[in-house]
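This report goes through one protein model, beginning with how its strands pair and ending with a pocket. Please keep the structure in view while reading.

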Amino acid sequence: MATHAAARQVAAFKAAKLRYRTLSGTVTKAGTGVVRRVLIYKVGDPETLRGDVTSTDGTGAFSATIKAGSNDRFRVVCLGEPGENSEIFEDVSAG
């Protein structure tokens, strides 16, 4: 195959390798851990749910194992009870 001197070279970039990573935290109200539903979405892909967990009673701790690349960022939505506002945390990384 011949190449032309004026042909431009196209670089092929490799995608970041996806691995299972953990995203965790605590949900509190007035300093006490509470049970709440926690939804996880990838930033830039708001229609695909990446994680759906419930925090534990007493401690409010939650942990989700999700597939993520090293540069992926996530939106974590903590759904409030009726009469409460939901909380949204943007640009969270999974470790």
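## Strands S4 and S7

Strands S4 and S7 pair in the antiparallel sense, with five bridges between them. The model is a predicted one. Within this pairing, Tyr41 has Arg75 of S7 as its bridge partner, and Lys42 lies opposite Phe74 of S7. In general, the strands of a sheet are held in pairs by backbone hydrogen bonds, in either a parallel or an antiparallel arrangement.

How much of S7 is buried? Four of its five residues are buried, so S7 is largely enclosed by the rest of the structure.

## The S4-S5 hairpin

Strand S4 covers residues 37-42 and pairs with S5 in the antiparallel sense over six bridges. The two strands form a hairpin, with two residues between them. Gly44 sits in the turn and has a positive phi of about 95 degrees.

Two residues of S4 can be followed across to S5. Ile40 stands opposite Gly51 in S5, and Tyr41 stands opposite Leu49 in S5. Tyr41 is also the residue whose bridge partner in S7 is Arg75.

## The open sheet

What is the order of the four strands in the open sheet? The order is S5-S4-S7-S8, and the pairing is antiparallel. Strand S5 (45-54) and S8 are at the edges and have a single partner strand each, so one side of each has no neighbour in the sheet. From one strand to the next, the twist averages 20 degrees.

The pairing of S7 with S8 is antiparallel and runs over four bridges. Here Val76 stands opposite Phe89 in S8.

## The chain as a whole

The protein chain contains zero helices and eight strands. Read from the N terminus on, its elements run β-β-β-β-β-β-β-β. The chain has 95 residues, and buried residues make up 26% of them.

Contacts can also be sorted by distance along the sequence. Among the contacts in the chain with a separation of 6 or more, 56% are between residues 24 or more positions apart.

## The largest pocket

The largest pocket has a volume of about 180 Å³. Which residues line the largest pocket? The lining consists of Leu23, Ser24, Thr26, Val27, Thr28, Val38, Phe62, Val76, Cys78, Glu87, Phe89 and Val92. By class, eight of the lining residues are nonpolar, three are polar and one is charged.

Several strands contribute to this lining. Strand S1 (19-26), strand S7 (74-78) and strand S8 (87-92) supply at least two residues each. Val76 and Phe89, both in the lining, are the pair that stand opposite each other across S7 and S8.

## Glu87

Glu87 belongs to strand S8 and is one of the residues lining the largest pocket. Is Glu87 buried, partly exposed or exposed? Its relative accessibility is 45%, so Glu87 counts as partly exposed, a class that lies between under 20% for buried and over 50% for exposed.

Leaving aside residues up to four places away in sequence, Glu87 touches Val76, Val77 and Cys78. Val76 and Cys78 are also part of the pocket lining. Another lining residue is Val38. Glu87 and Val38 are 49 residues apart in sequence, and their C-alpha atoms are 9.6 Å apart in space.

How values were computed. Residues are numbered from 1 along each chain as its sequence is written. This is a predicted model: local features need pLDDT of at least 70, side-chain atom pairs count only at pLDDT 80 or more; totals for chains, interfaces and linings use all residues. Side-chain values use heavy atoms; hydrogens and water are left out. On a 1 Å grid over the protein atoms alone, a cavity is a set of points where a 1.4 Å probe fits but cannot get out, and a pocket is an open set with protein on both sides within 12 Å along at least five of seven lines; lining residues have an atom within 4 Å of a point. Grid points are joined across faces, edges and corners, and a volume is the space filled by probe spheres set on the points. Ala, Val, Leu, Ile, Met, Phe, Trp, Tyr, Cys and Pro count as nonpolar, Asp, Glu, Lys and Arg as charged, and the others, Gly among them, as polar. Two strands pair if DSSP finds at least two bridges between them. Axes are lines fitted to C-alpha atoms, for helices over the stretch in contact, and angles run from 0 to 180 degrees between N-to-C directions. Buried means under 20% relative accessible area, exposed over 50%, partly exposed in between (1.4 Å probe, protein chains only). Contact means heavy atoms within 4.5 Å.
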